[in-house]
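Me: Could you take a close look at one part of this protein with me? I'd like to start from a single helix and work outwards from there.

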Amino acid sequence: MSSWYGVSAEDVAAADSLGFAIKLIAHAKRLDGDRFMAVVCPHLVPKDKLLANVTGVMNAVAVRGNAVGETLFYGAGAGRMPTASAMVADMIDTMRRGNGRKFIDWGPEQPERLVSPAEVPTRWYVRTDTSSEL
């Protein structure tokens, strides 16, 4: 049984039966003040969301803004892993420079501004197999 990021075919089937798709997503979020969290990992995405239907070599960026709500930018990508790495780098660069202003004064003296995803409360999907006897 092969798996990708610990996700098996059984996980994909279970998510599908619950109305979700499993997508590898680069996620960045501003926390309190000037602290940020950035991570690349599998996410459950409701099938009724456009992001759930991005497949093959296509990639998308979902952005939620105060004035515009949720928007989606969609186009051809370079493949699963190169794109995920590039997206995280682009998000960090955007947080550094933004639209002409700095979101983060990034430097070795302030590494605490990028928070480990392990420190951020998160919901997790756990699937167990109860079909075998103990």
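Reply: Happy to; here is a walk from helix α1 to a loop and then to the surface. Please keep in mind that this is a predicted model.

Let's begin with helix α1, which spans residues 9-17. Its buried residues are Asp 11, Ala 14 and Ala 15. They sit on the same side of α1, because they cover an arc of only 100° around the axis. The background is simple: an α-helix has 3.6 residues a turn, so residues three or four places apart point the same way. On the face turned away from that buried side you will find the exposed residues Ala 9 and Ser 17.

What lies over the buried residues? The cover includes strands β1 (20-30) and β2 (36-46). Just after α1, Gly 19 adopts a positive phi of about 90°.

Next, follow the chain to the loop between β2 and β3 (58-65), where Ala 52 lies. Ala 52 is buried, since its relative accessible area of 8% is under the 20% cut-off. Leaving aside residues up to four places away in sequence, Ala 52 touches Ala 21, Lys 23, Val 45, Pro 46 and Lys 47. Its C-alpha atom is also 7.6 Å from that of Phe 20, although the two residues are 32 residues apart along the chain.

Finally, strand β3 holds Val 61, which is partly exposed at a relative accessible area of 37%. Together with Val 63 and Phe 73, Val 61 forms a nonpolar surface patch with about 250 Å² of accessible area.

Note on methods. Residues numbered from 1 in each chain as written. Predicted model: local features only at pLDDT ≥ 70, side-chain atom pairs only at ≥ 80, totals over all residues. Heavy atoms only, no water. Buried < 20%, exposed > 50% of the residue type's maximum accessible area, 1.4 Å probe, protein only. Helix = DSSP H or I, 4+ residues; strand = E, 2+ residues; numbered from the N terminus. Arc of directions from axis to C-beta. Contact = heavy atoms within 4.5 Å. Patch = residues over 30% accessible without salt bridge, like charges linked within 9 Å, V, L, I, M, F, W, Y side chains within 5 Å. Areas by Shrake-Rupley, 256 points an atom, 1.4 Å probe, with all protein chains shown as cover. Salt bridge = Lys/Arg side-chain N within 4 Å of Asp/Glu carboxyl O.
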